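Open the model in your viewer and keep the selection panel at hand. This tour goes stop by stop.

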Amino acid sequence: MYSFKDITDGIDSILHLFLNDTFATLAELILAGLALIGAYAVLALTLIYAERKICAAFQCRIGPSRTGKWGVFQTVADMIKILFKELIRLDHNDRFLFRVAPFIVIIASMCTFAALPFAKNLHAIDFNMGVFYLIAVSSLGVIGILLAGWSSNSKYTMIGAMRSGAQLISYEISAGLSLLAVVILSGTMKISEIVEQQSEMWFIFRGHVPAIIAFFTYIIAGHAETNRGPFDLPEAESELTAGYHTEYSGIQFGFYYLAEYLNMFIVAAIAAVMFFGGWMPLHVSGWDGFNYIMDCIPSFIWFFGKTFACVFIALWVRWSFPRLRIDQLLNFEWKILMPICLINIILMSLIVVF
Amino acid sequence: MFVVAILSAMFLVGIALLLAKFLAPHSSNKLKGQAYECGIPTRGTSWMQFRVGYYLFAILYLVFDMETVLLFPWAVTLRETGINGLICLGFFVLILTLGLVYAWKKGALKWK
């Protein structure tokens, strides 16, 4: 199976030819940062294009079709256009927090993004508390959203931010508990080890019923955490114009848009890593020929294939269900989803112990 | 690497804001700086008292999020602690479930 270690080791040795150790490490860190930014931007543009095309297909439209072949450059054009838009200064807002809020949102999603295993040995942040880290940094985004809503001093943004805060923190518990089920099954929190353990069979098949339940609860909670699908009431356009980012214009609005799509990708990627083995190909123990053929497919294709399958589920749900009301949303989390998660954890630990 | 991720995120936002500053037009008039609501001027500030229902959920969240934090180390060591660990977890979850039932019965989960 092809490993990205060859490329990274090559770059490492080339840098050591010209620079001493300290500067070589520094250069590597800068390269890693630039690679993260590039992947982040390219993925966001791809996702926005995919969403527009898929949404168009669901609604029997064509979607973007003029810019480039099949409209593939539409989102690039949109991003360039949004840079040329005026950043409106408001009179009565908290200007410092208003500026800081997009930074926090992007930082939260970038930190989570860096911890994903994109392919074999292509993994920026990997340490023994990986899953814990994912949950911790992904919840930082709430602060950015609350600050955005609060600092713009408008009623719509305030209501949007409060709804979003209540929704995000509630569904975070379910997401955390569903990932906990996988941690119980694997016995480690290190993401690369979790992926390695799935070389025999993916966790969703190995974990009996609780893994399947955990997958569905995670997908539901994840959709709610990204403010999408039927859970998009923080930015319900028919009642709150645009929710917490109503007052933002130009590229500052663009950051929220980017972060929203990247969060969708991150949730799908975490689901793929924890339940479908990340970059690990489909292996069946005993079927050596089958395993060999599966190994021929590069690992990043496996990762992105699984992730985009989960993204497609997210889009499908989004364009199929009507929006929930805030009390229905919170009831659903606290009275249905969380008890299911708690019972699921006990079931999973029973299976692991006995 | 964690710091690199933070710095690269800040770099991305900073560069884009800087670009926008040079590329975007600037114009101002009296009405532009108003809050975007319904077209008519806003009444009062939005920094006011907010309904208490949201805070109740925030308090409940604290309890259960702490629970998740405490469960993670337990989950990693479950294979070593075995049945003992399972019984401990049983009591832990039982107490928390009682808390949830109490909040439910008290009506903290009801959206009034």
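**Colour by confidence.** Start with the elements of chain A. In this predicted model, helix H11 of chain A (residues 237-240) has the lowest mean pLDDT of them, 66. Helix H10 of chain A (residues 208-225) has the highest, 87. Now take chain A as a whole: its mean pLDDT is 82, and 97% of its residues reach 70 or more. Switch to chain B. Its average is 79, with 87% of the residues scoring at least 70. For the model as a whole, ipTM is 0.82 and pTM is 0.87.

**Select chain B.** What secondary structure does chain B have? There are 3 helices and 0 strands. Along the sequence this reads α-α-α. Of the 112 residues in chain B, 17% are buried.

**Show the contact between the chains.** Chain A brings 63 residues to it and chain B brings 51. Colour the chain A side by helix. Helices H2 (21-58), H4 (95-114), H7 (155-186), H12 (250-276) and H15 (326-353) of chain A each supply at least two residues to the side that touches chain B. Which helix gives the most to that side? H7(A) does, with 15 residues. Recolour by residue class: the side of chain A that touches chain B has 40 nonpolar, 14 polar and 9 charged residues.

**Select H7(A) and H2(B).** Helix H2 of chain B covers residues 53-76. Its axis and that of H7(A) come within 10 Å and cross at roughly 15 degrees. An angle under 35 degrees counts as roughly parallel, so H7(A) and H2(B) are roughly parallel to each other. Their crossing is left-handed.

Display the side chains in this contact:

- From H7(A): A:Met162, A:Gly165, A:Ala166, A:Ile169, A:Ser170, A:Glu172, A:Ile173, A:Gly176, A:Leu177, A:Leu180, A:Val183 and A:Ile184.
- From H2(B): B:Tyr54, B:Phe57, B:Ala58, B:Tyr61, B:Phe64, B:Asp65, B:Thr68, B:Leu71, B:Phe72, B:Ala75 and B:Val76.

By class, the contact of H7(A) with H2(B) divides into 17 nonpolar, 4 polar and 2 charged residues.

**Stay on H7(A) and pick A:Met158.** This methionine is found in helix H7 of chain A. Is A:Met158 buried or exposed? A:Met158 is buried, because 22 other C-beta atoms lie within 10 Å and the cut-off for a buried residue is 20 or more. Now draw a distance to A:Thr22. The two residues are 136 apart in sequence. In space they are 47 Å apart, C-alpha to C-alpha.

**Move to H12(A) and H1(B).** Helix H1 of chain B spans residues 2-23. The axes of H12(A) and H1(B) come within 9 Å and cross at roughly 150 degrees. Angles over 145 degrees count as roughly antiparallel, so H12(A) is roughly antiparallel to H1(B). H12(A) passes H1(B) in a right-handed crossing. On the H12(A) side, select A:Gly250, A:Ile251 and A:Phe255. They meet B:Val13, B:Ala16, B:Leu17 and B:Ala20 of H1(B). The contact of H12(A) with H1(B) has 6 nonpolar residues, 1 polar residue and no charged residues.

**Keep H12(A) and add H10(A).** This pair lies within chain A. The axes of H10(A) and H12(A) are 10 Å apart, and the packing angle is about 165 degrees. That makes H10(A) roughly antiparallel to H12(A). The crossing is right-handed. H10(A) puts in A:Ala211, A:Phe215, A:Tyr218, A:Ile219, A:Gly222 and A:Glu225. H12(A) answers with A:Val267, A:Ala271 and A:Phe275. By class, the contact of H10(A) with H12(A) comes to 7 nonpolar, 1 polar and 1 charged.

**Last stop: A:Cys60.** Where is A:Cys60? Look in the loop between H2 and helix H3 (74-83) of chain A. Check the backbone there. A:Cys60 is not a glycine, yet its phi is positive, at about 60 degrees. Then check its surroundings. A:Cys60 is exposed, because 6 other C-beta atoms lie within 10 Å and 12 or fewer counts as exposed.

Key. Residues are numbered from 1 along each chain as its sequence is written. Chains are lettered from A and ligands numbered from 1 in the order in which they are written. This is a predicted model: local features need pLDDT of at least 70, side-chain atom pairs count only at pLDDT 80 or more; totals for chains, interfaces and linings use all residues. Two residues are in contact if their C-beta atoms, placed from the backbone, lie within 7 Å. Helices (H or I, at least four residues) and strands (E, at least two) are DSSP runs, numbered from the N terminus. Ala, Val, Leu, Ile, Met, Phe, Trp, Tyr, Cys and Pro count as nonpolar, Asp, Glu, Lys and Arg as charged, and the others, Gly among them, as polar. pLDDT is the predictor's confidence in each residue, from 0 to 100. Axes are lines fitted to C-alpha atoms, for helices over the stretch in contact, and angles run from 0 to 180 degrees between N-to-C directions. Angles under 35 degrees count as roughly parallel, over 145 as roughly antiparallel, 65 to 115 as roughly perpendicular and the rest as oblique. A crossing is left-handed if the near helix is turned anticlockwise from the far one by less than a right angle, and right-handed if clockwise.
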